[in-house]
Amino acid sequence: MHASLMMNGLAAGQVLQSRPARQVTRPSLAEAEIAVRTLIRWAGDNPDREGLIDTPGRICRAYKQWFAGYDEDPAEFLQRTFEEAAGYDELVVLLNIRFVSHCEHHMAPINGRAHIGYLPRDRVVGISKIARVVDAFSKRFQIQERMTAEIANTLEAGLQPLGVAVVVEGAHGCMTSRGIHQSQATMVTSRMLGLFRDQPQTRHEFLSAIGLARASECGNLFP
Ligand SMILES: [Zn+2]
């Protein structure tokens, strides 16, 4: 089991700003590779030895994948919705959306998963689009609290549902591999909007779905 579980509920209505990702001037690839060489020397190794000579290039290519979210606008994924849902007005829940993000304080990986629920008002969206929203926000430098709020706010604006619920679980590399070395600690953040915030029964139904998924697993959250 986990050494500690931190619940961090975010107040509804709390405004958290997205980063002005597109206003940044990127350095050249050569400049970025020089920066990686500097960090290798800072760690105490020789960037010119055989095993490390291609590492700066690899790191820069990896950054293109890890931080692909800066080139995406998650709101765009929700533009195509379906109104012909045969009057479906029950919860839609998507569990266990895996993500890898990076903490903006240490640039260390955050391995986690998101659970999302919404209560449609008059339209639904393809479920893969919800996973893409999580993916785009996670592939940026993040703090988990803000990422949780950004996902919820984007779903609320895009789907205009009766409610949105987001729970994010994350294992933070900056805490598991350094500092306090809590290798089993998982951080849990949540944001409940609309009926999920106002109706305990609706919130409970969503949290039960997460609990059921948990109960069917054995052992660690991140096997
Ligand atoms: Zn950190």
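Visitor: Where is Met 107 found in this structure?

Guide: In this predicted model, Met 107 sits in the loop that lies between strand 3 and strand 4, the latter being residues 109-119.

Visitor: What makes Met 107 count as buried or exposed?

Guide: The call rests on a count of other C-beta atoms within 10 Å, of which Met 107 has 11; since a residue with 12 or fewer is exposed, Met 107 is therefore called exposed. Its backbone has a further feature, for Met 107 has a positive phi of about 55° although it is not a glycine.

Visitor: Which value does phi take at Asn 96, and where is that residue found?

Guide: The phi of Asn 96 is near 60°, which is a positive value in a residue other than glycine, and the residue belongs to strand 3, residues 92-103.

Visitor: Why is Asn 96 called partly exposed?

Guide: Asn 96 has 14 other C-beta atoms within 10 Å, and because exposed residues have 12 or fewer while buried ones have 20 or more, Asn 96 falls in between and is called partly exposed.

Visitor: What makes Phe 137 count as buried, and where does that residue lie?

Guide: Phe 137 lies in helix 3, and with 24 C-beta neighbours inside 10 Å, set against a cut-off of 20 or more, it counts as buried. Leaving aside residues up to four places away in sequence, Phe 137 touches Gly 69, Pro 74, Met 147, Glu 150 and Ile 151. Phe 67 is 70 residues from Phe 137 in sequence, and the distance between them in space is 9.3 Å, C-alpha to C-alpha. As for the whole chain, buried residues make up 28% of its 223 residues.

Visitor: Why are helix 3 and helix 4 called oblique to each other?

Guide: The axes of helix 3 (residues 127-138) and helix 4 (residues 144-159) cross at roughly 140° and come within 10 Å. Roughly antiparallel would need an angle over 145 degrees, and roughly perpendicular one of 65 to 115, so the two helices are oblique to each other. Helix 3 contributes Val 133, Val 134, Phe 137 and Ser 138 to the contact, while helix 4 contributes Met 147, Glu 150, Ile 151, Thr 154 and Leu 155. Sorted by class, six of these residues are nonpolar, two are polar and one is charged.

Visitor: What is the handedness of the crossing where helix 1 passes helix 2, and which residues meet there?

Guide: Helix 1 passes helix 2 in a right-handed crossing, and the axes of helix 1 (residues 29-43) and helix 2 (residues 55-66) come within 9 Å and cross at roughly 115°. On the side of helix 1 the residues are Leu 29, Ala 32, Glu 33, Val 36, Arg 37 and Ile 40, and these meet Thr 55, Pro 56, Gly 57, Ile 59 and Cys 60 in helix 2. Seven residues of this contact are nonpolar, two are polar and two are charged.

Visitor: How far apart should the ends of helix 1 be, and what does the model show?

Guide: Helix 1 has 15 residues, and at 1.5 Å a residue it should span 21 Å, where the expected span is 1.5 Å times one less than the number of residues; the end C-alpha atoms are 21 Å apart, so the two values agree. After helix 1 comes Gly 44, whose phi is positive, near 115°.

Definitions and conventions
Residues numbered from 1 in each chain as written. Predicted model: local features only at pLDDT ≥ 70, side-chain atom pairs only at ≥ 80, totals over all residues. Axes fitted to C-alpha atoms, helices over the stretch in contact; angles between N-to-C directions. Helix = DSSP H or I, 4+ residues; strand = E, 2+ residues; numbered from the N terminus. Parallel < 35°, antiparallel > 145°, perpendicular 65-115°, else oblique. Contact = placed C-beta atoms within 7 Å. Nonpolar A, V, L, I, M, F, W, Y, C, P; charged D, E, K, R; others polar. Left-handed = near helix turned anticlockwise from the far one by under 90°.
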